[in-house]
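Colleague: Could you take me through this model, please?

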Amino acid sequence: MVCKHCKEKPVITLPNSNVSLCKKHFMLYFQKKVFKTIRQYNLIDEGDHVGVAVSGGKDSLTLLYLMSVFLEKRRKIKLTAILIDEGIDNYRDKTIIDAKKWCRELGVPLKIYSYKNEIGEKLDDILKRTKERSCSICGVFRRYLLNKAAKELKIDKLATGHNLDDEVQSIVMNQLKNNMKTSARLGPITGVKYDKRFVKRIKPLYFLTEKEVMTYAYLNGLTSKFNACPHSDDGFRTYVREWINSFEARFPGSKHAILNSFLEVLPLLKKGFDVGEIKECKECGEPCSQKVCQSCQIIKRIK
Amino acid sequence: MKIKVYLEEKDKEEFVELEENSRVRDVLNNLNIDPGIVIIANKHNEVVTVDYVLKDNEEIKIIPVISGG
């Protein structure tokens, strides 16, 4: 098999078709797909200050790299990288090195918000004296700090490295848990309705599979050796991911079918699940749906 | 023929015995690995597909696409 466009040696056979592409044409295909998503869903406006949530992993570094390419011809858009340092020894301290290196290389300012400074304690220490699930604590604190950081830095849109696989897993997980209200917040732009207290989240890698992102990252030197979070305990997501992957292996195109059928009903979901009035947390002032936000509830529980 | 395989996720090396002119697909089958969740690089660090034809004593690297976070 050779590249569809030039007969060179292929680096990938695209997951949703039988098309093979060489390094050069795969890179072009990938970049085009990201830029098309940005245009088609109006993810970024002229004059926006875009924040890129970076962890130092392949998805966020690929996103950062492509966003800086996107901005080369759009000088009115400003870019800032935000990294949340949970305080995980032997994991985050390693990925921070990659994040710093790439931000320096691409000339993107990097702002680091740590649990230690913002919550008062490292995740490693919190987990020593609580039975709460680490991924739940982490998910809530990370979302809270990203929004807080984005507001402090006057960011208009916050880009995250979520790819097609992440989104498909979330769709299926919400379906299996009868949690359509959460699904209504998904999509290339997150949220149900605009509220200036919530910085809009955008997902430029939305239509690219994890395998495509890894291939692109590897070809551009954006990856490091496999490094797993020592606290990872999201068993449900792992199970759903394995199930979807085995289904895809047997019936190729399933992931794209799940995503595309979801996108057809998403406008109806967003309409049907209007969140109503967004309140302010009486402890920290951040927007939330209850009297006290989830982040402050966890802080209280783990104290 | 013999192929040396480096499994990055497990940080270990394995040897796989295959027939002449086997492809990367055969290595993955042999190790029971789904090609959809890995990428493969040869010893020159070039990314190759499952159709890549292997030579005796060739070395390949199997890299998981899933992040560890």
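Modeller: The cysteines, the nonpolar cores and chain B follow in turn. This is a predicted model, where local features need pLDDT of at least 70 and side-chain atom pairs count only at pLDDT 80 or more, while totals for chains, interfaces and linings use all residues. Residues are numbered from 1 along each chain as its sequence is written, chains are lettered from A in the order in which they are written, and side-chain values use heavy atoms, with hydrogens and water left out.

Colleague: How many disulfides are there over all chains?

Modeller: The count is zero, a disulfide being a pair of cysteine sulfur atoms within 2.5 Å. For C103(A), the nearest cysteine sulfur belongs to C138(A), 19 Å away. For C288(A), that of C281(A) is nearest, at 5.1 Å.

Colleague: Is C103(A) buried or exposed?

Modeller: C103(A) counts as buried, because its relative accessibility is 3%; buried means under 20% relative accessible area and exposed over 50%, with partly exposed in between (1.4 Å probe, protein chains only).

Colleague: Turning to packing, what does M67(A) contact?

Modeller: Beyond its neighbours within four places in sequence, M67(A) is in contact with I38(A), I44(A), V50(A), V52(A), L79(A) and P204(A). Contact means heavy atoms within 4.5 Å.

Colleague: And chain B: what pattern does it follow along the sequence?

Modeller: Chain B reads β-β-α-β-β-β, with one helix and five strands. These are DSSP runs, helices (H or I) of at least four residues and strands (E) of at least two, numbered from the N terminus.

Colleague: How much of chain B is buried?

Modeller: Of its 69 residues, 46% count as buried.
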